[in-house]
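User: I'd like to learn how to read a few features straight off a model. Can we walk through them together, starting with burial?

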Amino acid sequence: MALLGVVVVVLSSVPWLWTTIGARGHTHHESEATAADVVIVLGTAAAADGQQPSDRLVGRLETAAELVRTGRARVVLVSGDGAGTSGDEPTVMTAYLTERLGVDPRRVVADPFGLDTYDSCVRARDVYGVERALIVTQSYHLSRAVTLCRHLGLDVDGVSARCDGCGSVMLAGKAVRDYLASGKAAWDAFRDRPPAVRSSVSPAVRDALTS
């Protein structure tokens with residue numbers, strides 16, 4: 001039984017190792033981020049009122065806004081669930097970027113059908129024509145996001161998001177959740193799952209870059 005337990009642990013760790021190794025050399029602190037025309041900000045639950053971003057989401061948006069401010073990105077693609085249980089994530093993200101953080105509204109594109117990390121990557125590629133980008137999320141999620149996007153053919157580098165209001169217990173719980181989520185990520189990637197919502201090609205990112 002002990003040997004069986006070891007085998008189960010090893011096999012269950014393979015997807016996590018895939019995401020970790022696949023992102024090696026492509027994750028950076030905000031201060032060391034490379035440049036790209038587009039920065040993708042991955043959505044997560046809004047605050048309880050559904051009108052403001054949660055602490056984790058604030059950290060992602062602040063990081064993206066700093067990348068724009070310092071010239072390392074020109075357009076922000078916010079990708080999340082437009083009908084999430086906590087509210088309309090991309091709308092909340094767009095409002096915070098433009099109204100609180102001073103990002104030019106012409107430089108923000110919202111994808112309301114980035115229902116999970118995999119869908120955000122696929123849709124950035126297929127709907128918005130993104131080929132090269134930075135991707136912003138917290139460190140516990142970053143390797144999975146980078147590996148998925150790179151597996152799908154996007155040339156991405158990950159930037160670890162701020163999370164000033166995030167406690168250590170919450171972050172530890174999120175890291176465990178992400179470890180478990182790596183199995184689904186690997187399964188989605190290797191079976192080439194289509195996104196949950198298919199959309200026509202959008203020129204929004206291209207137009208934002210030329211505005």
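Analyst: Sure. A residue counts as buried when its relative accessible area is under 20%, and as exposed when that value is over 50%. Keep in mind that this is a predicted model. Valine 205 has a relative accessible area of 4%, so it is buried.

User: Where does valine 205 sit, and what is it in contact with?

Analyst: You'll find valine 205 in helix 7. Skipping neighbours within four places in sequence, its contacts are Val38, Val109, Tyr128 and Val130. For a sense of distance, take glycine 165: it lies 40 residues from valine 205 along the chain, and their C-alpha atoms are 31 Å apart.

User: Arginine 123 is a charged residue. Is arginine 123 buried or exposed?

Analyst: Buried, with a relative accessible area of 2%. Arginine 123 belongs to helix 4. Again leaving out neighbours within four places, arginine 123 touches Asp111, Phe113, Gly114, Tyr128, Pro195, Val197, Arg198 and Ser199.

User: Let's scale up to whole helices. How many residues of helix 2 are buried?

Analyst: Eleven of its 15, so helix 2 is largely enclosed by the rest of the structure. The buried set includes Arg56, Arg60 and Glu66, along with Leu57, Leu61 and Leu67. You can also check the geometry: from first C-alpha to last, helix 2 reaches 21 Å, close to the 21 Å expected at 1.5 Å a residue.

User: And which residues are buried in helix 3?

Analyst: Glu89, Pro90, Val92, Met93, Tyr96 and Leu97. Those residues span an arc of only 165 degrees around the axis, which means they sit on the same side of helix 3. What they pack against is strand 2 (38-42), helix 2 (55-69), strand 3 (75-79) and strand 4 (108-111). The span works out here too: helix 3 (residues 89-100) has twelve residues and reaches 16 Å, close to the expected 16 Å.

User: Now backbone angles. What should I look for in phi?

Analyst: Most residues other than glycine have a negative phi, so a positive value on a non-glycine is worth a look. Here that applies to aspartate 192, with a positive phi of about 55 degrees. Aspartate 192 lies in the loop between helix 6 and helix 7 (204-210). At 53% relative accessibility, aspartate 192 counts as exposed.

User: Which glycines have a positive phi just after helix 2 and following helix 3?

Analyst: Glycine 71 comes just after helix 2, with a positive phi of about 80 degrees. Helix 3 is followed by glycine 102, where phi is positive and near 75 degrees.

User: Last one: pockets. What volume does the largest pocket have, and which residues are closest to its centre?

Analyst: Its volume is about 500 Å³. There are 27 lining residues, and the closest to the centre are Asp116, Thr117, His141, Arg144 and Arg177.

User: How do I describe the lining of that pocket?

Analyst: Ask where the residues come from, then what kind they are. Helix 2, helix 4 (117-126), helix 5 (139-151) and helix 6 (168-190) each supply at least two residues to the lining of the largest pocket. Helix 6 gives the largest share, seven residues. By type, the lining of the largest pocket has eleven charged residues, eight polar and eight nonpolar.

How values were computed: Residues are numbered from 1 along each chain as its sequence is written. This is a predicted model: local features need pLDDT of at least 70, side-chain atom pairs count only at pLDDT 80 or more; totals for chains, interfaces and linings use all residues. Side-chain values use heavy atoms; hydrogens and water are left out. Helices (H or I, at least four residues) and strands (E, at least two) are DSSP runs, numbered from the N terminus. The expected span of a helix is 1.5 Å times one less than its number of residues. Buried means under 20% relative accessible area, exposed over 50%, partly exposed in between (1.4 Å probe, protein chains only). The arc is that of the directions from the helix axis to the C-beta atoms. Contact means heavy atoms within 4.5 Å. On a 1 Å grid over the protein atoms alone, a cavity is a set of points where a 1.4 Å probe fits but cannot get out, and a pocket is an open set with protein on both sides within 12 Å along at least five of seven lines; lining residues have an atom within 4 Å of a point. Grid points are joined across faces, edges and corners, and a volume is the space filled by probe spheres set on the points.
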